[in-house]
Amino acid sequence: MDTPLIELKGVCRDYPSGEGMLTVLQDIDLCINAGEMVAIVGTSGSGKSTLMNIIGCLDRPSRGSYRMDGQETGQMEPDELAYLRREHFGFIFQRYHLLANLNALANVEIPAIYAGLDRKARQQRATALLDRLGMADRLAHAPGQLSGGQQQRVSIARALMNGGTVILADEPTGALDTASGKEVMKILRELNADGHTIILVSHDRQVAEHANRIIELRDGAIIKDRRTREPGPPPPLLHAAASASPPWRAQWDRFVEAFHMALLAMASHRLRTLLTMLGIIIGIASVVSVVALGEGSRQRILRDISSMGTNTVSVYPGKDWGDMRSGRVRTLLPRDADALAMQPYVDTVTPLVTKSLTLQYRSISVTAQVNGVGETYFRVRGMELAEGRLFDRESVRASGQEVIIDQNTRRALFGEASDKTLGEVIMLGKVPCRVIGITKKKDTSFGDTDSLNVWVPYTTAMGRLTGQQYLRSITVRVADSVQSTVAEQSIVKLLTQRHGTKDFFVSNLDAIRQTIEKTTQTMTLLISSIALISLLVGGIGVMNIMLVSVTERTQEIGVRMAVGARHGDIMQQFLIEAILVCLLGGLLGVGLALGVGAAVSLSGSDFKLIYSTAAIISAFLCSTGIGILFGFLPARNAARLDPVAALARE
Ligand code: ADP
Ligand code: MG
């Protein structure tokens, strides 16, 4: 005699209950041959479903042996059991357990996706099965749009999708009206005639009478096992045409399925998904904008500096910035500037004296910074005039009473509308000077842009305005062919010789530039790390909502496991959802950051945010990483669910 298809020996199933164990199945010995149609009957709570779940490899016996088609299942891994469910079993549940957000056709296709049937063959077979069950015109209907009897037919088609050698039906008519119930039983009998082995659970005697063999359970033990009809020899079962895809293709199909399900899940909770994303959006947007802001200000500062000429060295009295005594050091003289101008490594030299003075034009008085400078000052500093002219060497030599004013001063003294400015005489303290030029508004981020500045020849400033003989600073423009550091050393040497001691210090813009770059970097790093914390918090939010999502869809997970989804398939689905949420959040975050940049430039400010591709790409990598990191735990929880417990969850 050939081996029975299903063979249980001494199978027990215990559940922990309170202190001890509750034995739900006791010493079940049962053989079922291929082609039989068996009904399991018994009162509620007698263990019918438990036995059915063990036969269907959804559950394992606590003790005893279960051989399916000659293979011992006791020691099998979860994925091997999933393989058995996929290839041999088809489940029909009392409550149909169709996935609500897929239509009839897609529901029927699911088992074949996990089995790796190629797409076209899959759709053809699903359509043919639904057609055979009289559902040809309901392919695109969602379960909610179908009657109970129709839903049960869809679930029968699903059970047959991978062949369904053994069909397990737990109270298949329990939720149906009499007519639909009869219809379903007729289908099951026809399937049995085609060679499918049918095992059905029912507490309804009339339903059980359809079977060839009736097994009665009481308190977890078989009390009666009788054959009502001898089954004929099983007709050869026509298997689904084996048009399996190549492995990579099957993998890909399962990925697409998981992706699709993740999208559906997100779409069915749009607001929740958006709120979950918010943390990620804010985090990514702030990282990207801060980096762009840092880069924007860095480039701007560099541009300002290079407009002033990076190749300049300034000499100041005192030991260093902030030296309290520097105001009393009076040794930096115009003669030093003259000496420097003679040096071969020097292009131009301009001395600077400054003093705060009251300017007066007719009845208007304002306080302004008066800068006494050389005629080359404007060239060294890269400043340009909007109107008028610069003073010349002759004017400097003769302490000319000529003044160049900036836009702020012009507005303060002459008012907004005045076009009669050049040639007017204003009072600098007690000295009248003629306005000969107006500087362009400088778009610099240095200094106070609201301050008033005017420039006069330094000889005028020293002789007529302040009476002081020493300079505030000397700015040297180094010849183009000479390095500023080399020039700096020579300047220090020359001036130390002249003064007999080093009572001055030099600063070159290159050093300032380096300091500024370092500062910007530190700031960017600091703010970015704060933004990273926001990302982390966002990630925790994602994890939280994914855990909720897994709980909500426990039953769906159970159904997928019953039709043969592997551990990895379930895991993949939830991981993809977490990653998608984060990635979409990242996308919106980058969009938001770009929007901020556009708003800033639209607002008329000439300040620019400069976005780097690297920052944007790493923002995406970062959000994917967060998705993986924080999606892992919920996804693993989902994959580790016990199929029976998952299915039982309402
Ligand atoms: P039937 O399907 O015949 O109505 P079941 O097989 O569902 O009965 O359940 C048999 C017994 O096992 C019941 O008394 C039930 O309380 C118990 N049982 C089922 N599942 C569990 C479980 N997960 N934990 C504890 N007891 C359970
Ligand atoms: Mg039951």
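Visitor: In this model, how far does a backbone N or O atom of Lys 48 lie from an oxygen atom of ligand 1?
Guide: The model is a predicted one. Lys 48 is among the residues that surround ligand 1. Its approach is through the backbone: an N or O atom there faces a ligand oxygen atom at 2.8 Å.

Visitor: Which residue has a polar side-chain atom 2.5 Å from an oxygen atom of ligand 1?
Guide: Two side chains come into play here. Ser 49 places a polar side-chain atom 2.7 Å from a ligand oxygen atom. The 2.5 Å distance belongs to a polar side-chain atom of Thr 50.

Visitor: Which residues surround ligand 1?
Guide: Lys 48, Ser 49 and Thr 50 are part of the set. Tyr 15 and Val 24 also belong to it. The rest are Thr 43, Ser 44, Gly 45, Ser 46 and Gly 47.

Visitor: Is Arg 13 buried or exposed?
Guide: Arg 13 lies in strand β1, residues 6–17. Its relative accessibility is 14%. The cut-off for buried is under 20%, so Arg 13 counts as buried.

Visitor: Which side chain does the side chain of Arg 13 join in a polar contact of 2.9 Å?
Guide: Leaving aside neighbours within four places in sequence, Arg 13 is in contact with residues including Leu 22, Val 24, Thr 50 and Ile 54. Arg 60, Pro 61 and Ser 62 are also among its contacts. The 2.9 Å polar contact is made with the side chain of Asp 59.

Visitor: Why does Glu 36 count as buried?
Guide: Glu 36 sits in the loop between β2 (20–32) and β3 (37–41). Residues up to four places away aside, it touches Cys 31, Asn 192, His 196, Thr 197, Ile 198, Arg 213, Arg 227 and Pro 231. Buried means under 20% relative accessible area. Glu 36 counts as buried because its relative accessibility is 3%.

Visitor: How far apart in space are Glu 36 and Asn 192, C-alpha to C-alpha?
Guide: In sequence, 156 residues separate Glu 36 and Asn 192. They are in contact all the same. C-alpha to C-alpha, the spacing is 7.3 Å.

Visitor: With which side chain does the side chain of Glu 36 make a polar contact?
Guide: Two arginines touch Glu 36: Arg 213 and Arg 227. The polar contact has a distance of 2.5 Å. The partner is the side chain of Arg 227.

Visitor: What is the phi of Asp 27 near?
Guide: Asp 27 is in strand β2. At 55% relative accessibility, it counts as exposed. Most residues other than glycine have a negative phi. Phi of Asp 27 is positive, near 45°.

Visitor: Is Cys 57 buried or exposed?
Guide: Cys 57 also has a positive phi, near 65°. It is found in the loop between α1 and β4 (63–68). Its relative accessibility is 2%, so Cys 57 counts as buried.

Visitor: Which element gives the most to the lining of the largest cavity?
Guide: The whole structure holds 2 cavities of 30 Å³ or more. The largest has a volume of about 80 Å³. Two or more of its lining residues come from each of α2 (78–88), β6 (89–92) and α5 (148–160). The top contributor, with 3 residues, is β6.

Visitor: How many charged residues are in the lining of the second largest cavity?
Guide: This cavity has a volume of about 70 Å³. At least two lining residues come from each of α8 (247–268), α9 (270–308), α16 (509–552) and α18 (567–602). By class, the lining has 5 nonpolar and 4 polar residues, and the charged ones number 2.

Visitor: Which element supplies the largest share of the lining of the second largest pocket?
Guide: The second largest pocket holds about 520 Å³ of space. Of its 29 lining residues, Ser 49, Asn 53, Phe 93, Gln 94 and Asp 170 lie nearest the centre. Elements giving at least two residues are α1 (48–55), β6, β7 (166–170) and α20 (643–648). The largest share, 5 residues, comes from α1.

Notes:
Residues are numbered from 1 along each chain as its sequence is written. Chains are lettered from A and ligands numbered from 1 in the order in which they are written. Side-chain values use heavy atoms; hydrogens and water are left out. Helices (H or I, at least four residues) and strands (E, at least two) are DSSP runs, numbered from the N terminus. Buried means under 20% relative accessible area, exposed over 50%, partly exposed in between (1.4 Å probe, protein chains only). A polar contact is a pair of N or O atoms within 3.5 Å; within protein, one must be able to donate a hydrogen and the other to accept it, and residues adjacent in sequence count only if both atoms are side-chain atoms. Contact means heavy atoms within 4.5 Å. On a 1 Å grid over the protein atoms alone, a cavity is a set of points where a 1.4 Å probe fits but cannot get out, and a pocket is an open set with protein on both sides within 12 Å along at least five of seven lines; lining residues have an atom within 4 Å of a point. Grid points are joined across faces, edges and corners, and a volume is the space filled by probe spheres set on the points. Ala, Val, Leu, Ile, Met, Phe, Trp, Tyr, Cys and Pro count as nonpolar, Asp, Glu, Lys and Arg as charged, and the others, Gly among them, as polar. A residue is near a molecule or strand if one of its heavy atoms lies within 4 Å of it.
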